[in-house]
Amino acid sequence: MRIAVVGLGQIGLPLAVQYASRGHEVVGCDVDAGVVEALNAGRSPHPGEAAVDEPLPGLVATGRLRATTDDAEGVRGAEAVVVIVPVAIDADRRVDFGAIDTATRDVGRGIGPGALVVVETTLPVGTTRGRLTPMLEAESGLRAEDDLFVAFSPERVLVGRVLEDLRRYPKVVGGIGPRSTARALDFYRAVLEEGTELREVSGAEAAEMTKLAETTYRDVNIALANEYARFAAERGIDVMEVIEAANSQPYSHVHRPGVGVGGHCIPVYPHFLFADAPDMRLPPAARRINDEMAAWAVSEAQRTIGSLQDAGVLVLGIAYRGGVREDAFSSAYALRDALAAVGARVHGHDPFLSAAELMERGFSPWRPGDATPIRFAVLQADHAEYRTLDLASIPGLQLLLDGRNALDPPAVRAAGIAYLGIGR
């Protein structure tokens, strides 16, 4: 079939490659002309995922995959359209629908009778039915559940392993009506690998809440682990020892504490859940706890080695997690601000970022071998490169705070450097 994927980001692009690899004709749509130009030249605009990078040139060369900046033209004649355009929160934590509203209207102007539109962007509950479907109807002149079919199916994948996760996790599907659900299920049977589990739920709202529930569960669980870590730190207990022992009981699934929570999902999507639910108590509290961890870590460092006024400090890893370049809502920025607030001179390093990119992000660039005195360093993203970093070669380093509890404490101490973990 002919498929359009609207939004060629780090998840939309792999989806387009997956569909084209299954023999379908795929048009990718994106507002970024650079992304479109790269794809049409047979290059991945988001390199780093081999399962996407390797087949992409051949799919473009054979005409199975192409891209355009014109959403309305790109979806014209498509039997199915998958929309995965970001919905974010603004500085006041209000949901910003601007990008997806624009994309939805564009899709409505281009689709024809019988088209299926599936939204994979994470949304507040009720958005697919109450906000996006009326836009599609108004722009297209079609009628939902008659000659227009609309469903929601949350993305449940991690950047860097999208195609692997597509095969691993059940695909949750819920339409705005039974005909839309049936069409969406048929679509995913045709584009996903044989044997992938499809999980039908009662409607779009249930599918929307499924994504918010699983994301918020992780946020709340991490906040609980962070509360345990702070409790343990005050009493000289290693929280990781406690968590591992607790999780040996099959009903305990305590997550790992850390210096903060980043990425497009966990810091954002709980707001979609409680923005219109003022009586909801636990998810907002968890958000506050996790947002406070960077400042708490800085205070722990000062409690250990004294004031950081005018001290050189180093944030290792600007990405929101190890092994990726993505830095959306990274706790590196909360650390930067907390360190600057106590008068420290903040340096940064990330193997995925250039010196210019570090400066753009508010960090003084550092690289191994620099002679700049560093009194305190914090591991913020557990990139593999940091497990072999020669800490003893960093001039003046007195304390390393392991913000992900990823390093070996005895090895750090053997280098003559004090070790401090989150709750260790």
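**Exercise 1. The sheet**

Task: In this predicted model, state the order of the strands in the open sheet of eight strands and name its edge strands.

Solution. Step 1: Strands of a sheet pair through backbone hydrogen bonds, either parallel or antiparallel. Step 2: Reading across the open sheet gives β3-β2-β1-β4-β7-β8-β9-β10, and the pairing is mixed. Step 3: An edge strand pairs on one side only, which holds for β3 (65-68) and β10 (198-200). Step 4: From one strand to the next, the twist averages 25 degrees.

**Exercise 2. One strand pair and a helix on the sheet**

Task: Find the sense in which β1 and β4 pair, and say which strands helix α7 touches.

Solution. Step 1: Strand β1 covers residues 2-6 and strand β4 covers residues 80-83. Step 2: Over four bridges these two strands run in the parallel sense. Step 3: Within this part of the sheet, V5 stands opposite V82 in β4. Step 4: Helix α7 (residues 127-140) packs on the sheet, where it touches β7 (115-119), β8 (148-152) and β9 (171-175). Step 5: The direction of α7 makes about 155 degrees with that of β8.

**Exercise 3. A covered helix**

Task: Decide whether helix α1 is mostly covered or mostly open, and list its buried residues.

Solution. Step 1: A residue counts as buried when its relative accessible area is under 20%. Step 2: Helix α1 spans residues 12-21, and nine of its ten residues are buried. Step 3: These are G12, L13, P14, L15, A16, V17, Q18, Y19 and A20. Step 4: The helix is therefore mostly covered, with buried meaning under 20%. Step 5: Just after α1, G23 takes a positive phi of about 100 degrees.

**Exercise 4. The cavity**

Task: Describe the largest cavity by volume and by lining.

Solution. Step 1: Rolling a probe the size of a water molecule over the atoms shows where empty space is left. Step 2: One cavity of 30 Å³ or more is found in the structure, and the largest cavity has a volume of about 90 Å³. Step 3: Its lining has 13 residues, with E155, R156, V157, L166 and K171 nearest the centre. Step 4: Eight of the lining residues are nonpolar, five are charged and none is polar. Step 5: Helix α8 (residues 162-168) gives the most to this lining, with three residues.

**Exercise 5. A pocket**

Task: Describe the second largest pocket in the same terms.

Solution. Step 1: The volume of the second largest pocket is about 360 Å³. Step 2: Lining this pocket are 18 residues, and Q10, P47, G48, V159 and R325 lie nearest its centre. Step 3: The lining divides into seven nonpolar, six polar and five charged residues.

Conventions
Residues numbered from 1 in each chain as written. Predicted model: local features only at pLDDT ≥ 70, side-chain atom pairs only at ≥ 80, totals over all residues. Heavy atoms only, no water. 1 Å grid on protein atoms, 1.4 Å probe; cavity = no way out; pocket = protein on both sides within 12 Å on 5 of 7 lines; lining within 4 Å. Points joined across faces, edges and corners; volume = space filled by probe spheres on them. Nonpolar A, V, L, I, M, F, W, Y, C, P; charged D, E, K, R; others polar. Pairing = 2+ DSSP bridges. Axes fitted to C-alpha atoms, helices over the stretch in contact; angles between N-to-C directions. Contact = heavy atoms within 4.5 Å. Buried < 20%, exposed > 50% of the residue type's maximum accessible area, 1.4 Å probe, protein only.
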